[in-house]
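Hi,

Here is the structure I promised to pass on to you. Have a look at it first, and then read on for what turned up.

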Amino acid sequence: MKDLYNPYTIKSLELKNRVVMSPMCQYSVQNKDGIATDWHYMHYVSRAVGGAGLIMIEMTDVAPDGRISDFDLGLWSDEQIPALKRIVDACHSYGAKVGIQIAHAGRKAEDAEVPVAPSAIAFDENSKKPRALTTEEVKGLVENFRAAVARAVKAGFDTIEIHGAHGYLIHQFHSPLTNKREDEYGKDLTLFGREIIQAAKGEMPEDMPLLMRISAKEYVEGGYGIQESISFAKEYQNAGIDMFDISSGGEGPIAAWGRPGTHAAYQVPLAKAIKEALDIPVMAVGRLDDPILANAVIGNEQADLVAVGRGMLRNPYWALEAASKLRKETVIPKQYTTGF
Ligand SMILES: Cc1cc2nc3c(=O)[nH]c(=O)nc-3n(C[C@H](O)[C@H](O)[C@H](O)COP(=O)(O)O)c2cc1C
C-alpha cells in the first residue's frame with residue numbers, strides 16, 4: 001500500500017516522502033534584482049526542517065520583463081545563482097530535495113512597461129495591452145529558458161519545473177484563445193513549450209527529471225478542457241517531460257462561465273485523468289491540506305505526489321504534523337522531538 005510517507009523515486013530524484021511544498025511567489029526580492037533574500041532563505045529552509053520531501057521554489061523568471069512584479073525571483077543572470085545555492089544547500093542538509101519553477105509571465109507581467117505575449121490580447125480591460133513577440137524574439141526566449149535552467153543546475157537544484165500553467169507565457173502559447181499567431185508558433189501551439197523542454201533537457205543531467213505544471217482546464221468562456229489538455233500534455237511528454245504537476249485556470253478573469261472549485265481536492269480528477277491517459281507520474285495540488293485526504297490521494301493512486309500550498313504558508317511543519325496525525329514514521333529534527 002502506498003501512502004504519503006513512502007519514499008518516491010523518479011530518475012535520480014529520491015524523495016523521503018510524497019509531500020511537496022507547492023511553488024508560491026513571495027514577491028520579496030529587495031532591490032528589483034531578482035536575487036533571493038534572507039526571507040526566501042528562512043521561508044524555504046523552515047519547510048525543509050518541517051519535513052517536506054520536495055520543496056518547489058516559486059516562479060522564477062527568465063527575463064526582467066517576464067516577472068509578474070519587480071519583486072519576483074529571477075534566473076536571467078549568474079549573480080542570481082549564489083543566493084539560491086545557499087537555500088538549496090541548507091534544504092539538503094535537512095533532508096529535503098529542492099526544485100525550482102522556471103517561468104515567464106508574458107502578458108501577466110504587471111510591472112513591465114509593455115508586456116510581451118504570443119498575440120496582442122490583454123488579460124482583461126484593466127491590464128496592459130501586450131505587444132506580440134516577433135518570431136526571432138520567441139526563439140530568443142527559448143534561449144532565455146535554456147540559460148535559466150543551466151543556472152538552476154549550477155545552483156544545485158535536484159529537479160526543474162517548467163511553468164506551463166496559470167495563464168503565463170507558455171500557457172498563452174498553447175491556448176487557442178491567446179495564441180493567434182500566423183508563424184510556426186501559431187500553427188503549432190505547443191512548439192514554444194516543446195522547444196523550451198528540449199532546451200532545458202540539453203542543460204540538465206540525463207537522469208534529472210523535468211516536471212511541468214499545466215492548467216489542465218481553462219475557466220474562461222470557450223476555454224479548453226481536459227481532452228485538449230491530454231492532447232497537448234502528450235506532446236510535452238513526447239518532448240521529454242517526466243512528470244506533470246496538475247493545476248487549472250489562471251488564463252483570464254474568473255467569470256460566471258465557470259470557476260475553479262473551492263472544495264477539497266478540486267483538481268485531483270484532472271491529475272488522475274492526465275496520469276491515466278498518458279501513463280505518466282503526476283503531482284496533485286489544490287486544497288489537499290487535510291492529511292487524511294492527501295494520504296488518500298496517494299493510496300488511491302490518483303497521483304504520485306501531493307503539493308501543499310496555503311497549508312504550508314500557515315504551517316511550515318505541515319509535513320511533520322501530518323505524519324504525526326497519520327501515525328507515519330518520519331524524521332523529526334532532534335531539537336523538536338519533544339513537540340511530537
Ligand atoms: C501566495 C501564493 C503564491 C503562489 N505562487 C505560485 C507560483 O509561483 N507558481 C505556481 O505555479 N503557483 C503558485 N501558486 C499556486 C499554488 O502553488 C497552489 O497551486 C495553489 O495555492 C493551490 O494549492 P493550495 O490549495 O494547497 O494552496 C501560488 C499560491 C499562493 C497562495
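A word on terms before the ligand: a molecule counts as sitting in a pocket if more than half of its atoms lie within 2 Å of the pocket's grid points. By that rule, the ligand in this predicted model sits in the largest pocket.

Which residues come closest to the ligand? There are 15 residues around it, and the closest are Ser22, Pro23, Gln101, Arg287 and Arg310. Gln101 places a polar side-chain atom 2.8 Å from a ligand nitrogen atom. For the ligand's oxygen atoms, a polar side-chain atom of Arg213 lies 2.9 Å from one, and an N or O atom in the side chain of His163 is 3.2 Å from one. On its own the ligand has 610 Å² of accessible area, and the protein covers 82% of that.

His163 also leads to the strand I would like you to look at, E9, which spans residues 159–164. Is E9 buried or exposed? Six of its six residues are buried. That holds for both faces: Thr159, Glu161 and His163 on one side, and Ile160, Ile162 and Gly164 on the other.

E9 has parallel partners too. Strand E6 (residues 97–103) runs parallel to E9 and is joined to it by four bridges, with Ile100 having Ile160 as its bridge partner. Strand E10 (residues 210–215) pairs with E9 in the parallel sense over five bridges, and here Gly164 stands opposite Ile214.

Happy to hear what you make of it.

Best wishes

How values were computed:
Residues are numbered from 1 along each chain as its sequence is written. This is a predicted model: local features need pLDDT of at least 70, side-chain atom pairs count only at pLDDT 80 or more; totals for chains, interfaces and linings use all residues. Side-chain values use heavy atoms; hydrogens and water are left out. Buried means under 20% relative accessible area, exposed over 50%, partly exposed in between (1.4 Å probe, protein chains only). Helices (H or I, at least four residues) and strands (E, at least two) are DSSP runs, numbered from the N terminus. Two strands pair if DSSP finds at least two bridges between them. A residue is near a molecule or strand if one of its heavy atoms lies within 4 Å of it. A polar contact is a pair of N or O atoms within 3.5 Å; within protein, one must be able to donate a hydrogen and the other to accept it, and residues adjacent in sequence count only if both atoms are side-chain atoms. Accessible areas come from the Shrake-Rupley method with a 1.4 Å probe; for residues, only the protein chains shown count as cover. On a 1 Å grid over the protein atoms alone, a cavity is a set of points where a 1.4 Å probe fits but cannot get out, and a pocket is an open set with protein on both sides within 12 Å along at least five of seven lines; lining residues have an atom within 4 Å of a point.
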